[in-house]
Every structure is written in C-alpha cells, then in structure tokens.
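Student: Could you take me through one part of this protein slowly? I would like to look closely at a sheet and at what surrounds it.

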Amino acid sequence: MSSPVSPPSATGPLRLTPQASAALRPEAATRITGGFWAERRLVNERASIPQGPALLESAGNLHNLALAAGKTEGEYRGDLPFLDSDVTKWLEAAAWQLGDPSTDDPTGLRSHIEELTALLAAAQEDSGYLNSWFQVVKPDQRFQDLRWGHELYCAGHLIQAAVALHRTTGVKSLLRIAVRFADHVDATFGPGKAVDGICGHAEIETALVELYRETGEHRYLDLARYFIDRHGHGLLNTGEQHGTAPGPAYCQDRVPLRKARNVEGHAVRQLYLLAGATDVATETGEGELREAVVRLWDAMTATKTHLTGGLGARHEWEDFGDPYELPSDRTYCETCAAVASVQWSWRMALMTGRARYSDLVERTLYNGVLAGVSLDGERWLYVNPLQVRDGYTDEGTDQTSRRTRWFRCACCPPNVMRLLASLPDYCASTDATGLQIHQYATGSVSAQLAAGPVTADITTGYPVDGRIALTLTGTPDSTPWTLSLRLPHWSRTYSVLVDGEPTEPLVEDGWLRLHRTWSPGRHIVLELDMEARLTRADPRVDAVRGSVAIERGPLVHCLEQADHPGGGLDDLVIDTERSLRSVFRPELLGGVVTVEATGHRGTPPGESWWPYAPHDDTRTTASGELTLTAVPYYAWANREDGAMRVWIPTG
C-alpha cells in the first residue's frame, strides 16, 4: 500500500490531496457541542446507531454474511442483492461516531465494529471478492448482472466504511478488506480486462476516489474516472428478466455525463454518480467534467428540487421525473436522495467556493434529511411526501407515509446515521485567505491557515433564532486573514457586529467576508432575519399552482392533522393578506417554533364535472375564520397518524 497523499488534518468523509483543484478545503476541525444539531446527533448516537446491529441481525443481513463465511447453515434471508451495504453503511456511521471526541462509547460501538469486521473478513474470498448474495445464491453469475446486481455498489460502501474507520481510529483491519476488494475490481474492470462495464447503481466512483486519497494508490482514481466515462454508452443489459424494465436513463446510461443537460432516472443513482464525478473533477482538474457537474446541479435545483430539498418526483422507478414535475402527495423524495444531495452539494461547495451549494446543504439537512428519522431516532420514513391526504390508507410497504421501525430495503436508516455522525465535517472549510463557516451550530472550530492556527467558539440558538456569535479564542495577531460567514439566501436582512460595533462586511457570492488583523477575544455576531414568510412555487409547477408554503429561517413548515381537530386538511385555505405569527412552543415536539396563519375551510363555488357528485353546502363557501398552525416539516409524523400538507391553497 502506498503512503497517503493527503494531509492527516482532514479526518472527515473528504480528504483532498494537495494537488486537488478545489477553491476550499475541509481541513477545519469542527465540534458540535450544543443546541439543535447536538440534540439531533445525540439521538443518533444514543438511539439510532446502537439499534443497528440488532436490526441487521433480525433482518438477516448478518446471517447472510455468516452463510458466505461458512459459519452457519440455512437459507439466504431476503431477495435483494445489496443487503451487505446496510452493514457497511452502519459500520461507517459507527466509525464517524467513534471518532467524535464527545463519544464515550457507552453502547459498545468499538466491539460491534470489531465483530462485524471479523465477519466480513471471514466472508471475503481469497480473490478479494465479497458479496454474500452472489457467494451464496448465485455463485456462477458474478459481475454478469451489472444493471441489478449492485456488486460494485456494495464494494463502494465497504470502502467508505473502511476509510472512515481508518481516519478516525487508525484501525487498518477493515481497510485491508476494502483494498483487497478494490484491487479485485481493478483487475476485473477496464480497457482490455475481463469486463468493460459499469454498475447499475453508482456508488463505487466516489469511494474509489477517497480510497486513492487515503492510500496514495493512483489506480483507484483512474478506475473511478473509467467508471464515470463509461456511463452513457449503453453498456448495461436491458434487464427484461426482471419484468418491465426502465430505459437506460434509469441507470444514467442514456447519454455520457459530459453531454447531459439535466439529471434523470433513479435519483439516488444519479446523485451518487455526480458526487463521484465531482470528486474526479476536483482531483484531476478536468474542465469539461467540472462544467458538466455545475450545469447539472443548476438544472436540478431550477427544475427538479422540492421546497424541502427533496429529490425524486415519481414512485415508479424512484425517478426524478420531468422538469417542474413536483407533485406533493405522490412525490417520492427518498431519504437516501436527500443524503446523497448533501454529499454532492458539499463537494460542489469545496470545488467552486460558492455559497449556493451550502445553501442547498442547509435546506436539505433541516428538511429533506431530518424528516426521514423520528424525533426519538427509532422510526424512519423511506419516502417524504409534501402532502398526506385526508383518509390516507397505509399499504404497509417501504413507501408508506407512516414511520416504520425498519424496511425490507433498509438503505435509508444507516444512510442518515452516517451523515449525522459525520455532520461536523460539513460545517467549515479553509482556503489561502482564511476560514469559512458554512453551517451554523453551537460548538468550536479550529483550522491551520496560511497566517497561522485559528480557533473559535460558536454559540447560537439556530434555527429557533438567527443570532450566531463567534468568539476567536486563538488567532495570529500580526497577519490579516478573512473570516467568511455564509449569508443564507432566505435572509432578507442581516447585521454584523464586531465587538459590539456595527460593521459592513464585503458581500461576495453569498458570503459575508471580514478581512482584518484579528486578535484573541474578538467577538463577532451575525443576526439573520427569522421572520416567517410565505413562498410561492414557480408557476410551471402545476401541482401547487395557487398555493403557498410557510417557511421560517431554514425550516419549511407544514400543517398536521393533530393541530387541526374537527376536520381534515384537504379543504383548508390560507388568507395571504393576514400576517404570520411565530410562537415558540417548548412543550411541543421537543421545542419548536410554530407559525400561525389565518384561514378557513371551504372551496370556491362552481359546477362539478360529475353531475351526481354529492353537494355539501358547508363546503361551497367559507365556513368561518380559523387559525392554521404550522410545525417544522422535519418534526411531522411524530404524534398521531393523520393528514399533512406543506403547500396550502390560497382560495
């Protein structure tokens, strides 16, 4: 194994090489010690992550690996070829959590990691190959069903778990397993080798780049670039054996990535592919690939992104859908897609230095990701609709709009676990000029700048209030450097104080930049406008034309049945001429700010298309003024089951 080519200071999911073509670097060490995100991460640490091994055991994932290792007997449990990835995603989450300085490991994460690593080592073949489905169920079909087999997808998650464990603890046992599998893949795939093909589910691309960053082995970067380049050339089999198969766009095999004009197909596959392409563009400096990922991000956010940051309009094939096809009740918005969006946008922020990418990270974190896990950390949503209608019937599948303990396809829970466990590494960055704060949370940050080491404490009640206070506890006192604070796109007004005195920072592409010679003890306060607001969608989004949504700060709000007794939500109408009222409710949903609006029940009078439709006089005109209470979308579905809606008709 070659020596690492990247600096040891970067211990998060991304560790750029010194020669990487990036505007920013994730080498600022951040700790989250209080406030909103500390509470959510503590639930992740104490409830979500610890339940993983038992759930993986009961679901059969560990049994299947034991079958592959020859340690048990019986039948393979489940009919999905990617169940190993649930195990390795959990391992990655446990590794990031174990690396957090605040973790005292009361739930035995280290011992669980050692047990699962030993199980994976026993299951791995001498060649390096490791996939329990194909080892046990289809041993003669390896790398033959690339469209649906997920072998490289599983390899990618194994690699990411191994890198996480090595970075946080220095333990090499899992990394050795990952390197052996990566070497097997490298020996099998590529020009002049046994297989010229791609995985139907992108994931290995970004994992290979990170393995290159961790080991210094350039073959892994070359292999990632090969997979990126081979997408869009029709290499995948059609998959008719699986019934009605989607077209090549489903697996991003319709058009080469560099020529693509918009995101398409299976949302998670597309987003993982684009994260990998951004990694490759960052490490190689390739201009055409860089232009492609910028173009595709712009198209996605302009035409295919929900208000919550959710992605994927269609249940059918978990597809993006067409531009402006953004339904509320039938949208998919898979939790994994939100996680993948955060991962991709963070890479884009580092590559370009532009704040807009971290704006989307914030929107997606607070709304698209957090909605996927219950407040107690023990129940999950696979899909995240923006409306659940009155009388909704739960069909008991993974795609239910009711929270579930676990899923047949359990990709989302460990995905959320690993993102929350590594969240501090998405908060800050450095460049040649100074320090950038991307996400606001109570804690501390330290970084090694060109001017010297910098440390700071951050205190905030965000997102309940918009005050972010930063105190420099260590800084070079003779060399000027720039502190950059992200100005969220939703904040209509702001103010900045330095040691209590108003100051006008340079506003540049979404950043508030303060350039000066600093000294320890300097106190900077950013105040953001947290007034509740009404948002209207682009008129090309037919599904919500004539409706508004309620937002406050970074949070999207929604109406829930629990707050509106005496009727459903489908016939509610909001009065947009009346002011909104923000009310902090410490007793509600762990402590939230609700937004109250004025509305009524009723639908405009008019002729029904169906002459036999029952007539209800109480619903043909306004039925009296009432108060609409909107709660943060991330907190919905944590009380009684019932209706919910984000977009509210205006009349």
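Tutor: Here is a walk along one sheet, followed by some unusual backbone spots and a look at the whole protein.

Please keep in mind that this is a predicted model. The sheet we will follow has seven strands, and their order across it is β1-β5-β6-β7-β13-β9-β10. The sheet is open, and its strands pair in the antiparallel sense. As background, strands of a sheet are held in pairs by backbone hydrogen bonds, and such pairs may be parallel or antiparallel. At the two edges you will find β1, residues 29-34, and β10, residues 501-503. Each of these edge strands has a pairing partner on one side only. Going from one strand to the next, the twist averages 25°.

Let us begin at the β1 edge. The partner of β1 is β5, which covers residues 442-449, and five bridges link the two in an antiparallel pairing. To find this pair on your screen, look for Gly34, which stands opposite Thr442 in β5. Helix α1, residues 35-48, packs on the sheet here and touches both β1 and β5. The direction of α1 makes about 85° with that of β1.

Now step across to the next pair. β5 and β6 are antiparallel too, with seven bridges between them. A hairpin connects β5 to β6, and two residues make the link. Here Leu449 is a good landmark, as it stands opposite Gly452 in β6.

Following the chain onward brings us to the loop between β6 (452-460) and β7 (467-474), where Pro463 is found. The peptide bond from Tyr462 to Pro463 is cis, and its omega is near 5°. In general, most peptide bonds are trans, and most residues other than glycine have a negative phi. With that background, you can look at two more spots in the backbone.

One is Asp499, in the loop between β9 (494-498) and β10. Asp499 is not a glycine, yet its phi is positive, at about 55°. Is Asp499 buried or exposed? Its relative accessibility is 39%, so Asp499 counts as partly exposed. That class lies between the cut-offs of 20% and 50%.

The other spot is Tyr324, which sits in the loop between α12 (287-303) and α13 (335-352). Tyr324 also has a positive phi, of about 65°, although it is not a glycine. The relative accessible area of Tyr324 is 18%, so this residue is buried; buried means under 20%.

Finally, let us place the sheet in its setting. The protein as a whole has 15 helices and 22 strands. Along the principal axes, its C-alpha trace spans about 75 × 75 × 50 Å. For 651 residues, a compact globule would have a radius of gyration near 26 Å, so the protein's 25 Å agrees with that expectation. Of those 651 residues, 62% are buried. Among the contacts with a separation of 6 or more, 70% come from residues 24 or more positions apart. The accessible surface is about 23,900 Å², and carbon and sulfur atoms account for 49% of it.

Key. Residues numbered from 1 in each chain as written. Predicted model: local features only at pLDDT ≥ 70, side-chain atom pairs only at ≥ 80, totals over all residues. Heavy atoms only, no water. Pairing = 2+ DSSP bridges. Helix = DSSP H or I, 4+ residues; strand = E, 2+ residues; numbered from the N terminus. Axes fitted to C-alpha atoms, helices over the stretch in contact; angles between N-to-C directions. Contact = heavy atoms within 4.5 Å. Rg over C-alpha atoms; globule rule 2.2 N^0.38 Å. Buried < 20%, exposed > 50% of the residue type's maximum accessible area, 1.4 Å probe, protein only. Areas by Shrake-Rupley, 256 points an atom, 1.4 Å probe, with all protein chains shown as cover.
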